[in-house]
Each structure stands twice: as C-alpha cells, then as structure tokens.
Amino acid sequence: TTWFTNSTYAPATKLAMEENICQCYIIGMGANSDAGGLGSIEDIDWDNGDNNASTYYGQYARIIQLIRKTAPKAVIFCLTLPYPRESSSKNAAIKAICSDSHVSDHTFVIDLVQYNDILKKYIVGEDEGSSPATYNKYYYNWHFTAAGYALCARLTEYAISKVMDENANNPVILSIGQIPFGDNDIIE
C-alpha cells in the first residue's frame, strides 16, 4: 500500500510517466507486513485497480495493473520471496495473481525459493542458535549489505535468465530487446 502512497519517492507516479516506460518490469517486493493483511484473490477488482482492497493481494495486483495500463505489452517478472524472508502465503499469493486469467501471458513468476540453499550457505548464512545469522559480510540485522545486494542481483539475473531460456520459443520472451521503449503496438 505504501508503494502507492509514498510521497517522497512517488514510485507509482514515476512508473506511469511516459518517459519511464520500459520493455520489462521486475517486481520484487513484499517482505514487510502490510496493515491490510494477506487477503485473497477476491480483493482484486480486475477492471479498476484503484478499487482493490488494501491487502497484499489487492496491492500487488494493483502494481501489475498499473504496469499493464502504462505499458500493456511489457514483460513483467514477479519474484517470489526467498530465504530469509520467505513467506509461503505471500509466495502463493504472487503465484495466484500471476496465474489468474486477467493477467496476461506477458507475466512470469521467478521462483527464487529454489535458490534458498545458496542464500542460506553463501549470502545470509546460518549461525547456531540464530536463524538467520545476524551478521556476516553479506547480511546484517535482517538486511543485505552492499556485497549481499550485489550477490542477490546476480542470483536474480541468473533466475530470470533461466526462465527466459525455459521460455525461449515464447514470442513474448523473444520480443525483449525488440520493442522500442514506449512502443506498445509492435507485439500483437
């Protein structure tokens, strides 16, 4: 909800600006609790995202709806929440939203949970009696350090590349890099 109401950075306003249109969008958010709770798929008004409930389902779908309104043919990659912030209920919500018939085939789930072992072993680490570790060179007090964010970015890049490779014959994936920024009329 605060993604839409943040007056300092105004991410929703900036995303919707014509000069900011992109070919691809990556949604990787949702670790912190939202005042509206998790909710359900019924919290989404597919005709008007402004009517969505202030729940995780409603607001996550609202971001997708805003992207679709701004750049209807852009590719959207939705990242699940991996270790240490993994949330089976939020990950199920992301998958349910992305698999709903109202969401276009231009949307792909990137399931980062499959990389939990890498995150546990190399990035976040686990100390005995403390899960996750409270400090290492990649992670401190429930947040990544600069080195941790760099490794997470490489892991995310790999995960997205893997999904793109698995869908290499999909015309939507093939269109990445072929669509001039802001031109939504090229892909049918």
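A disulfide is defined here as a pair of cysteine sulfur atoms within 2.5 Å. The structure under consideration is a predicted model, in which local features need pLDDT of at least 70 and side-chain atom pairs count only at pLDDT 80 or more, while totals for chains, interfaces and linings use all residues. Residues are numbered from 1 along each chain as its sequence is written, and side-chain values use heavy atoms, with hydrogens and water left out.

By the disulfide criterion, the structure holds zero disulfides. Cys22 takes part in no disulfide, the nearest cysteine sulfur being that of Cys24 at 8.4 Å. The closest cysteine sulfur to that of Cys98 belongs to Cys78, and the 3.5 Å between them is too far for a bond. The two environments can be described by relative accessible area (buried, under 20%; exposed, over 50%; partly exposed, in between; 1.4 Å probe, protein chains only). Cys98 is buried at 9%, whereas Cys22 is partly exposed at 30%.

The protein chain contains seven helices and five strands, taken as DSSP runs numbered from the N terminus (helices, H or I, at least four residues; strands, E, at least two). Along the sequence these elements follow the order α-α-β-α-β-α-β-α-β-β-α-α. Of the 188 residues in the protein chain, 40% count as buried. Contacts (heavy atoms within 4.5 Å) were also examined by sequence separation. Among those in the protein chain with a separation of 6 or more, 62% come from residues 24 or more positions apart. The exposed surface of the protein chain is about 10600 Å², of which carbon and sulfur atoms supply 51%, with areas obtained by the Shrake-Rupley method with a 1.4 Å probe and, for residues, only the protein chains shown counting as cover.

Aromatic pairing was assessed for the rings of Phe, Tyr and Trp (its six-membered ring), which pair if their centres lie within 6.5 Å; planes under 30 degrees apart count as stacked, over 60 as edge-to-face and the rest as tilted. Six aromatic pairs satisfy this rule. One of them joins Trp3 and Phe4, whose ring centres are 5.0 Å apart with planes at 80°, so the arrangement is edge-to-face. Another joins Tyr139 and Phe144, with centres 5.2 Å apart and planes at 70°, so this pair is also edge-to-face. Ring pairs further link Tyr139, Phe144 and Tyr149 into a cluster. Tyr139 is buried, with a relative accessibility of 1%, and Phe4 is buried at 17%.

Phe4 also has a charged partner: the charged end of Arg62 sits over the Phe4 ring, 3.7 Å from its centre. A charge is assigned to a ring in this way if NZ of Lys or CZ of Arg is within 6 Å of the ring centre and within 35 degrees of the ring normal. Lys120 likewise lies over the face of Tyr83, at 5.3 Å from the ring centre.

Two loop residues form polar contacts with backbone atoms. Such a contact is a pair of N or O atoms within 3.5 Å; within protein, one must be able to donate a hydrogen and the other to accept it, and residues adjacent in sequence count only if both atoms are side-chain atoms. Thr55 occupies the loop between strand S1 (24–27) and helix H3 (56–70) and is buried, with a relative accessible area of 9%. A polar atom of the Thr55 side chain lies 3.1 Å from the backbone nitrogen of Gly58. Gln114 is found in the loop between strand S3 (107–110) and helix H5 (116–124), and its side chain reaches the backbone oxygen of Asp111 at 3.1 Å. Gln114 and Thr80, 34 residues apart in sequence, are separated by 9.8 Å in space, C-alpha to C-alpha.
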